[in-house]
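Work through the exercises below with the structure open beside you. Try each task before you read its solution.

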Amino acid sequence: MLKFLKGVVGGSGTGLKDLPYNIGEPYPSAWGSWTHFRGTSRDDGSPVSIFSLSGSNAQDGHLAAGRNGVKRLRTVRHPNILSFLHSTETETLDGSTTKVTIYIVTEPVMPLSEKIKELGLEGTQRDEYFAWGLNQIAKAVSFLNNDCKLVHGNVCLASVVVTPTLDWKLHAFDVLSEFDAKNEASSGALLQYAWLVGAQYKPMELSKSDWAAIRKSPPWAIDSWGLGCLIYELFSGMKLSKTEELRNTASIPKSLLPDYQRLLSSTPSRRLNTSKLLENSEYFQNKLVDTIHFMEILNLKDSVEKDTFFRKLPNLAEQLPRQIVLKKLLPLLASALEFGSAAAPALTALLKMGSWLSTEEFSIKVLPTVVKLFASNDRAIRVGLLQHIDQFGEALSAQAVDEQVYPHVATGFSDTSAFLRELTLKSMLVLAPKLSQRTISGSLLKYLSKLQVDEEPAIRTNTTILLGNIASYLNEGTRKRVLINAFTVRALRDTFSPARGAGIMALCATGSYYDINEIATRILPNVVVLTIDPDSDVRSKAFQAVDQFLQLVKQYHDKTNSGDTTGDLGISSITGNASLLGWAMSSLTLKGKPSDQASLAPVNTSAPLSSTTSNASSDTPSTALAHVSSKPDFAEQPVPDSPTSTDGWGEIENGIDEEHETDKDGWDDIEPLEEPKPSPALSNIQAAQKRPVVLHASQPKQPATSLRPKSTAMAKNNDDDLWGSIAAPAPKTSSKPLNLKASATVDDDDPWAAIAAPAPTTRAKPLSAGKGRGAKPAAPKLGAQKINRTSSGM
């Protein structure tokens, strides 16, 4: 008989050595004669709970009831009933007596009384948490009574345990038995083990052992009484010592008091069914219960309900008990996002809740979900991740960024939406420091070379700023190939004044990476001409840069005269240099002028200049980017058409044209930016920037009537430029080249030009208007006139 019972209990071995779990420290309290231990799995170290019950006699009544409890726990499954994992029964010799022990292994839980002390909730938050917990226990009791026709027999504070996610679970099934009023033997377990139930928890009919009355009562009568005892112990904060204490209702919430009294009715047939308690009691209608219930049935909600809920959730979470939010709501939210049942606004709530965690907990509970979300095809999710990347980017490991995050983020560089392109660009401030040199050189710089000639002037500006900020993460060879060309050939010749200003400050901030020859021959000549720039802000920055670089040249002169040719130039000692790029970004936000920020539009070369000017003026961008970027319903609303803003982070639906013409040098394909009044001064500045390069001493001057084939210039450039192998093509436009000879000549000495992504041209009037920039080669000029004559003839 004993062997049969062991088989029923589920133990396959004869000793504790066969229990695949490690037993840890016990909790101070448990139900009945059971002892509740912390435990871990020997396989993976996962936490579990282990309950043990010992007796000196195999026929001990406690052991018999315990075996009944094990059998019931194995067969009854419900979300609010403790989950069974394993059980075994062992025999050990203690002197001359045999000691029998039953072990039950379950999911990790702790006694409710201990968890209440640990949480320390008070006031409204305590009532909300108790309402949620009682709601779960009432569901479990209702399931046993109404669905399974079972009677628990001893519902009280000790029979409730709490999971790590703060869910309440019902256990202690030693007295659990079937209930059938027509079968006198159906309540055998309750009849046999009723002595295990404390006298203070017994209703009148059970304390009198009036089994006839019990069989005539509804199946929920005994457990409804027990639920009333649980409510009393919860709110009074004391363990029930005698039945008479149940009449003290001072601590019971007023909204729950009528139901409490009906649960404890002296007449069994009049006691409140627990299913009715859940349906009718207004006590269970609060923010916490409603929020968790919504999350648990999220898949049944439509998109409108989800969107509304997740928009309110960040503010709602601040009003709920913090521990419940972190241990219950946060896992539910992370799971919903990971499996696609949550809307994009849920990401904001997830990151807000995650900010309340410690760094270690954040890495375990939130980061894995965030990393997986980068692979999402939902554009709204991608936008949300990029908008909040500063909140979690630092916590990402370098390996995760390089292998899992960046490949998905990089798709945004070529997205048709300028809004997504700018967010992707901005995210690199956080992600670039974690990228490998191979990824930076082989991928990131390709995208940046294209963005520096983006149709959005704000994106061009911030690409320059980004290059300046990530310069320290480039290796020396890459810096020499990229920085000066990007800042002088591209940024300083941009038609957008903040872009020119950003180029100047980027040069200053990265000055320690240039040798004296580069400063004297390539940087100073290009910066000096900007001291007469039409924009006052650019002029101020140019003077500052000239002073800085002249100081370096003077230091070199003094060292050379003194015979000291060692040591650095000391650029880092110049006051204010370290903050130049940070100031550049803020200056775009605070000082940008709408008139300077007209977006580049395709120019019809046959149209009058005045019409192009009016079109550019009409495209003056909005300055309210912060409001646009913060909208969480990106998927629900169309992207604004004119995103450029004063802080350089704008959005537009027009994408980058991937096509390009390989027979051009990459400088005369870009659309000119037309302003209401084209400034001849800026044309003169840009012409001056190009002359020193055109008339380089190492290059013979070409005859005015002869143009060298473009393919020859490009072939020579590729031989000298390692950067050219990862070049990004320039966008195809409808404009006609204005200075083919000058551009072709630049290729021989300019390694940056090999990336085939052209710089914006000047705002000067076309050559056909009769206002060139000086003595021009005859062929380009005549070509322009011939085209105009042909157009006019048509």
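**Exercise 1. A contact between two helices**

Because this is a predicted model, every step below describes computed geometry. Find which residues of H11 meet which residues of H12, and work out how the two helices are oriented.

*Solution.* Begin with the residues themselves: on the H11 side they are Lys287, Thr291, Phe294 and Met295, and they meet Glu305, Lys306, Phe309, Phe310, Leu313, Leu316 and Gln319 on the H12 side. Sorted by class, this contact of H11 with H12 holds six nonpolar, two polar and three charged residues.

Next, consider the axes. Two packed helices are described by the angle between their axes and the distance between the axes. Helix H11 covers residues 287–296 and helix H12 covers residues 303–319, and their axes come within 11 Å and cross at roughly 140 degrees. H11 is therefore oblique to H12, since angles count as roughly antiparallel when they are over 145 degrees. The crossing of H11 and H12 is left-handed.

**Exercise 2. A second helix pair**

Determine whether H25 is roughly parallel or roughly antiparallel to H26, and list the classes of residue in their contact.

*Solution.* The axes of helix H25 (residues 516–528) and H26 come within 10 Å, with a crossing angle of roughly 155 degrees. Because angles over 145 degrees count as roughly antiparallel, H25 is roughly antiparallel to H26. From H25 the contact uses Ile516, Ile519, Ile523, Leu524, Val527 and Val528, while H26 supplies Ala542, Ala545, Val546, Phe549, Leu550, Leu552, Val553 and Tyr556. By class, the contact of H25 with H26 has 14 nonpolar residues, no polar residues and no charged residues. The crossing of H25 and H26 is left-handed.

**Exercise 3. Buried or exposed?**

Decide for Thr101, Asp415 and Ser562 whether each is buried or exposed, and describe a polar partner of each side chain.

*Solution.* Take Thr101 first, which lies in strand E5 (residues 97–106). Its relative accessible area is 5%, so Thr101 is buried, because buried means under 20%. The side chain of Thr101 makes a polar contact with the side chain of Ser54, at 3.1 Å. If neighbours within four places in sequence are left aside, Thr101 is in contact with Ser52, Leu53, Ser54, Thr88, Glu89 and Thr90.

Asp415 is found in the loop between helix H19 (398–409) and helix H20 (418–431). With a relative accessible area of 9%, Asp415 is also buried. A polar atom of the Asp415 side chain lies 2.8 Å from the backbone nitrogen of Ser417. Not counting residues up to four places away in sequence, Asp415 touches Arg379, Arg382, Leu420 and Arg421.

Ser562 has its place in helix H26 (residues 536–562). Its relative accessible area is 54%, so Ser562 is exposed, because exposed means over 50%. The side chain of Ser562 has a polar atom that lies 2.9 Å from the backbone oxygen of Lys559.

**Exercise 4. From one residue to the chain**

Locate Ala506 in its helix, and then find what share of the chain counts as buried.

*Solution.* Ala506 belongs to helix H24 (residues 497–509) and is buried, with a relative accessible area of 0%. Ala506 and Ile484 are 22 residues apart in sequence, and the distance between their C-alpha atoms is 9.6 Å. Turning to the whole protein chain, 52% of its 794 residues count as buried. The protein chain has 33 helices and ten strands. Among contacts between residues at least 6 apart in sequence, 72% join residues at least 24 apart.

How values were computed:
Residues are numbered from 1 along each chain as its sequence is written. This is a predicted model: local features need pLDDT of at least 70, side-chain atom pairs count only at pLDDT 80 or more; totals for chains, interfaces and linings use all residues. Side-chain values use heavy atoms; hydrogens and water are left out. Helices (H or I, at least four residues) and strands (E, at least two) are DSSP runs, numbered from the N terminus. Buried means under 20% relative accessible area, exposed over 50%, partly exposed in between (1.4 Å probe, protein chains only). Axes are lines fitted to C-alpha atoms, for helices over the stretch in contact, and angles run from 0 to 180 degrees between N-to-C directions. Angles under 35 degrees count as roughly parallel, over 145 as roughly antiparallel, 65 to 115 as roughly perpendicular and the rest as oblique. A crossing is left-handed if the near helix is turned anticlockwise from the far one by less than a right angle, and right-handed if clockwise. Contact means heavy atoms within 4.5 Å. Ala, Val, Leu, Ile, Met, Phe, Trp, Tyr, Cys and Pro count as nonpolar, Asp, Glu, Lys and Arg as charged, and the others, Gly among them, as polar. A polar contact is a pair of N or O atoms within 3.5 Å; within protein, one must be able to donate a hydrogen and the other to accept it, and residues adjacent in sequence count only if both atoms are side-chain atoms.
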